[in-house]
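Q: I would like a close look at a single part of this model. Please keep the account plain and connected.

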Amino acid sequence: MEKLNTAVIGAGSHAYAHFQMIKNANEMNFVAVCDIDRSRAEKAKLEYQAEYVFTDYKEMIDKCDLDVVYVETLPIITADIAIYCIEKGLHTSVEKPPGMSSSDTKRILKAEKKSNCIVMVSFNRRYIPQVLAVRKMVLDRGGAIHCSTTYNKTPVADNPLWGNYPLIHDAIHHVDLLRWFAGDVSEVYSYYYLADNSSNRQHHNAIISFTNGCRGTFMSHYGVGYRIQRAEVHANDFSAYIDLTGAPKCEIYENGKPYTNPLDLDAIGGSNFNETRHFIDCIENGKKPWSNIEDAVKTMELCEAILHK
């Protein structure tokens with residue numbers, strides 16, 4: 001198969017992990033990077049050996065022979081750009097969140113259904129090799145019976161381009177991780193509030209029931225002492241505790257004892273597996289991504305339920 005001609009729209013901080021994954025992928029040819037700030041696009045071009053720079057994504061799509069586009073933009077414009085790319089027949093990776101609301105995400109889904117494109121959302125916690133290995137262990141033991149995720153940070157800055165809810169534009173990673181472990185949601189009980197009536201200090205606590213009988217909890221607090229990202233997932237006689245604050249760390253217990261065997265990363269694609277490897281596989285083999293746009297609607301709806309229940 002010929003290399004996939006690939007471009008990235010947006011050269012901010014979220015794009016850099018994608019630049020590196022594209023550069024490392026032998027199946028991809030990094031054709032172009034686009035940003036309204038030309039200096040940022042030029043910097044990315046130099047560091048990751050893209051061929052061209054643009055400040056207008058429509059011009060880039062018209063002038064370049066592309067197969068794949070990564071949309072790494074602010075949530076307020078993500079949906080419209082993603083829809084434009086899909087309507088141009090391009091396989092599209094969409095940065096989280098896929099729009100400002102589930103309504104935006106459904107608009108992307110509608111465009112995808114009219115196309116032959118593969119569309120994936122960058123819920124990257126799903127693709128961490130250690131997370132995948134733990135999830136496989138849980139599924140091999142009959143599936144999750146309880147899971148919990150935590151996503152805490154210091155106060156969040158107000159930015160209308162990101163929306164009013166950091167749960168949707170940031171902590172959504174661990175809302176989605178909860179669904180990745182447990183599946184579809186049946187019921188949500190939630191308590192959401194602002195500390196000191198400040199939008200910089202938002203607090204979320206939720207108890208969630210899943211259609212498979214699993215129960216879960218989600219906590220996210222902005223305005224606390226430090227950035228902490230953790231998860232735990234339990235099956236019968238099995239428990240895994242995952243710290244994603246830095247490099248992934250796992251504590252695993254089974255039948256009352258520490259599980260001392262190393263994680264079987266080879267079974268899930270190896271220690272270097274990532275979302276771009278999965279995206280390429282889906283494009284080459286016509287498969288639906290794990291974090292497909294239809295599934296992303298469910299994650300967005302769960303975020304909205306946590307905010308409004």
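What covers the buried residues of α9?

A: The model is a predicted one. The cover over the buried residues of α9 includes α5, β6 (119–122), α7 (166–182), β8 (185–194), β9 and β10. Helix α9 itself takes in residues 293–308, and its end C-alpha atoms lie 22 Å apart; 16 residues at 1.5 Å a residue should span 22 Å, so the two values agree. Of these 16 residues, 12 are buried, and the helix is mostly covered. The buried set includes the charged residues Asp295 and Glu304, along with Ile293, Val297, Met300, Leu302 and Cys303, among others.

Two of the covering strands, β9 (residues 202–210) and β10 (residues 215–222), are paired with each other. Their seven bridges run in the antiparallel sense, and one of the bridge partnerships is that of Asn205 with Met219 in β10. Four residues separate the strands of this hairpin, where Gly213 has a positive phi near 95°. Strand β10 is also joined to β7 (residues 146–153), by eight bridges and in parallel; here Lys153 has Tyr222 of β10 as its bridge partner.

Among the covering helices, α5 (residues 102–113) also packs with α4 (residues 75–87), at an angle of about 0° and with 9 Å between the axes. The two helices are therefore roughly parallel. Helix α4 makes this contact through Ala79, Asp80, Ala82, Ile83 and Ile86, and α5 through Asp104, Arg107, Ile108, Ala111 and Glu112. By class, six residues of the contact are nonpolar, four are charged and none is polar.

Note on methods: Residues numbered from 1 in each chain as written. Predicted model: local features only at pLDDT ≥ 70, side-chain atom pairs only at ≥ 80, totals over all residues. Heavy atoms only, no water. Axes fitted to C-alpha atoms, helices over the stretch in contact; angles between N-to-C directions. Parallel < 35°, antiparallel > 145°, perpendicular 65-115°, else oblique. Contact = heavy atoms within 4.5 Å. Pairing = 2+ DSSP bridges. Expected span 1.5 Å × (residues − 1). Buried < 20%, exposed > 50% of the residue type's maximum accessible area, 1.4 Å probe, protein only.
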